[in-house]
Amino acid sequence: MSAIVDLILGVVTSIGGFVEVGSISTSAQAGSEFGFELLWAVAAAGIMLAMLVEMGGRLAAVSKRSLAAAVRERFGIDFQIVPLSAEFIVDVLLLAAEVGGAAIAVKLLTGIGFQWWILPIGVLAWLVLWTCGFAVIEYGIGILGLVTLCFVVSAWKLGPDVADLGKSFVPTLSTHHHLRYAFLAVSIVGATVSPYLLNFYSSGTIEEKLKVEDLWVNTTTAYVGTMFGTVVSMGVLVSSAMVLGPRQIQVDSYEQAALMLVPAFGRWAIGLFAVSLGIGCFGAAVEIALNAGYVFAQVLGAPWGANKPRLSASRFTAAFTFVLLLSLAIALIGFDPLRVTMICVALTVVVMPAMVLPFLVLMNDDKYLRDHKNGPFRNGFLAVLTILGALLALVVIPLEIFGG
Amino acid sequence: MDLVRDMLDKEVMDRHGREMGRADSVVLEIRQGAPPRVVAIDVGPSVLLARVAMFLGRWVTGLEHALGIAEGRPVRIPFEEILDQELEQEDHIKVDLAAGETAAAALESRARTWFSGIPGGS
């Protein structure tokens, strides 16, 4: 019974927690500029995320080690310093972008400049991290995040042509602006497969004490939850394609992206968009900061856990506090959150091979996975993703310069 | 035993099952006419980062001095203190010490003082 409850909560959380600053901005830009053409990229990114998250959860459930801890043990610090440093940079920037996104959401609701909301949002995020256990953080924010289903409702009410949608799931080359198209396709992958998600999910599996016999919960949550979450991202893309695209509105601010909900929700549109953006970004900000605490403590072998009193895991507490403060400082400088987001998603793609490669080794190691090692299909996927990731990493910076 | 696979980077637990850190370095004694012998493990971020680059290790040592927690760090744990020496079979290294009695807990204690005045932390 408890496994069923965990499964339902896990799936709901995956849906509610899927959309955040990266997925909203990349999907909205893709829809407004290329119609439905990039739906395949959203679907492909969702499959990649589901498979990686499932492996991270399985590794944690069987070995009782998070991804960061397993990489430290298996590869040593000489290797780990590379993905660790890269993830730190991406996470700090992404956290700044998420806080900025949440601040813009409050600005949309109140009309007061977003810079004024950065510090209060940072303080609120820290208070959530200081006072709440894992279940409240994960499920509470995930359930609130169900408001993002408004993008799916919007897409449904707009009534897209089903045949057009179906065709868009087959990867094709764009008829115009090839570099921009390629950049957005790669960015969608970068926005979806965030490095922090992998360790966060595996740490969460340990926090929830998932047993090996309940591995099916992990598998189902990873695939079903991500699939439904991907549908929300697709809702953003379709709404943007049908509302912003025909009006030649290019999304270069979140205020413009909010207009995509107007035909479906009328005067409630801006408020709904703001609440969706706000909850999505705030939830992601809390998770990124929490994961920073996880990674720091796990790599050093210090006590960690959102279910532990904060003073009995004080290095873990200090780490998430430090990363939150650093990100707030960056957000307060006044960078455009949308620009920071697009830089983050490009950097995510650059670091992807270093994040994926350890999976290939760990998921085939008897010591960690015992009878639950990867089969040929999953290994093939990881090998393709590593090679593809390396190729994308090579092209993403030129694409950012010429197509971003 | 494979030192790199079975000892280096493994989590170190004290006799009460509390986390002390990881085996950040392994100390070997080089003996004339005999194979090297493991004499201790070192625990501490300065030796950990010194494995990446010496200047990083020195930088962490400087930081520990600045925080007033440098005394006794890195913590050197003699091999004899390791309780179960069949490390191939173990998920972690259990040692016959109490984390609180060594400098391994110094940063944890110092960080605790930063937050101790805030309600709801314990």
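In this predicted model, strand 1 of chain B and strand 6 of chain B pair in the parallel sense, over 3 bridges. One of the facing pairs is Val12(B) with Ile93(B), the latter in strand 6 of chain B. On strand 2 of chain B, strand 1 has a second partner: these two run antiparallel and are joined by 3 bridges. Strand 1 covers residues 11-13 and strand 2 covers residues 19-22. Here Glu11(B) has Arg22(B) as its bridge partner.

Strands 1 and 2 of chain B form a hairpin. Between them lie 5 residues. Gly17(B) sits in that turn and has a positive phi of about 80°.

Put together, the 3 strands make an open sheet of chain B in the order 2-1-6, and the pairing is mixed. Which strands are at the edges? Strand 2 and strand 6 (92-94) of chain B are the edge strands. Each of them pairs on one side only. Neighbouring strands of this sheet are turned by 30° against each other on average, with direction ignored. Strands of a sheet pair through backbone hydrogen bonds, in either the parallel or the antiparallel sense.

**Another strand pair in chain B**

Strand 4 (residues 34-43) of chain B pairs with strand 5 of chain B in the antiparallel sense, over 4 bridges. Val43(B) stands opposite Val75(B) of strand 5. Strand 5 (residues 75-78) of chain B has two unlike faces, one covered and one uncovered. Val75(B) and Ile77(B) make up the covered face. Arg76(B) and Pro78(B) make up the uncovered one.

The strand pairs of chain B described so far are set out here.

| Strand pair (chain B) | Sense | Bridges |
|---|---|---|
| Strand 1 and strand 2 | antiparallel | 3 bridges |
| Strand 1 and strand 6 | parallel | 3 bridges |
| Strand 4 and strand 5 | antiparallel | 4 bridges |

**Chain B as a whole**

Chain B contains 4 helices and 6 strands. From the N terminus on, its elements run α-β-β-β-β-α-α-β-β-α. The C-alpha trace of chain B spans about 60 × 35 × 20 Å along its principal axes. Chain B has 122 residues, and 34% of them count as buried. Take the contacts in chain B between residues at least 6 apart in sequence: 46% of these join residues at least 24 apart.

**Where chain A touches chain B**

How many residues of each chain are in contact? On chain A there are 19, and they are in contact with 22 residues of chain B. Helix 4, helix 5 (115-131) and helix 15 (314-333) of chain A each supply at least two residues of the chain A side. Helix 4 of chain A gives the most, with 6 residues. By class, the side of chain A that touches chain B has 9 nonpolar, 5 polar and 5 charged residues.

**Helix packing in chain A**

Helix 4 of chain A also packs within its own chain. The axes of helix 4 (residues 67-110) and helix 16 (residues 337-362) of chain A come within 9 Å and cross at roughly 155°. That makes helix 4 of chain A roughly antiparallel to helix 16 of chain A. Their crossing is left-handed. The residues of this contact divide into 24 nonpolar, 4 polar and 2 charged.

A second helix pair in chain A is made of helix 6 (residues 134-144) and helix 14 (residues 269-300). Their axes come within 9 Å and cross at roughly 165°. Helix 6 and helix 14 of chain A are therefore roughly antiparallel to each other. Helix 6 of chain A passes helix 14 of chain A in a left-handed crossing. Which residues meet? From helix 6 of chain A come Ile137(A), Ile141(A) and Leu144(A). They meet Ile279(A), Gly283(A), Val286(A) and Leu290(A) of helix 14 of chain A. The residues of this contact divide into 6 nonpolar, 1 polar and no charged.

**Arg180(A)**

Arg180(A) lies in helix 9 (residues 178-192) of chain A. Is Arg180(A) buried or partly exposed? Arg180(A) counts as partly exposed because it has 18 C-beta neighbours inside 10 Å, whereas a buried residue needs 20 or more. In sequence, Arg180(A) and Phe402(A) are 222 residues apart. In space they are 7.7 Å apart, C-alpha to C-alpha.

Conventions. Residues are numbered from 1 along each chain as its sequence is written. Chains are lettered from A and ligands numbered from 1 in the order in which they are written. This is a predicted model: local features need pLDDT of at least 70, side-chain atom pairs count only at pLDDT 80 or more; totals for chains, interfaces and linings use all residues. Axes are lines fitted to C-alpha atoms, for helices over the stretch in contact, and angles run from 0 to 180 degrees between N-to-C directions. Angles under 35 degrees count as roughly parallel, over 145 as roughly antiparallel, 65 to 115 as roughly perpendicular and the rest as oblique. A crossing is left-handed if the near helix is turned anticlockwise from the far one by less than a right angle, and right-handed if clockwise. Ala, Val, Leu, Ile, Met, Phe, Trp, Tyr, Cys and Pro count as nonpolar, Asp, Glu, Lys and Arg as charged, and the others, Gly among them, as polar. Two residues are in contact if their C-beta atoms, placed from the backbone, lie within 7 Å. Two strands pair if DSSP finds at least two bridges between them. A residue is buried if 20 or more other C-beta atoms lie within 10 Å of its own, exposed if 12 or fewer, and partly exposed in between; C-beta atoms are placed from the backbone.
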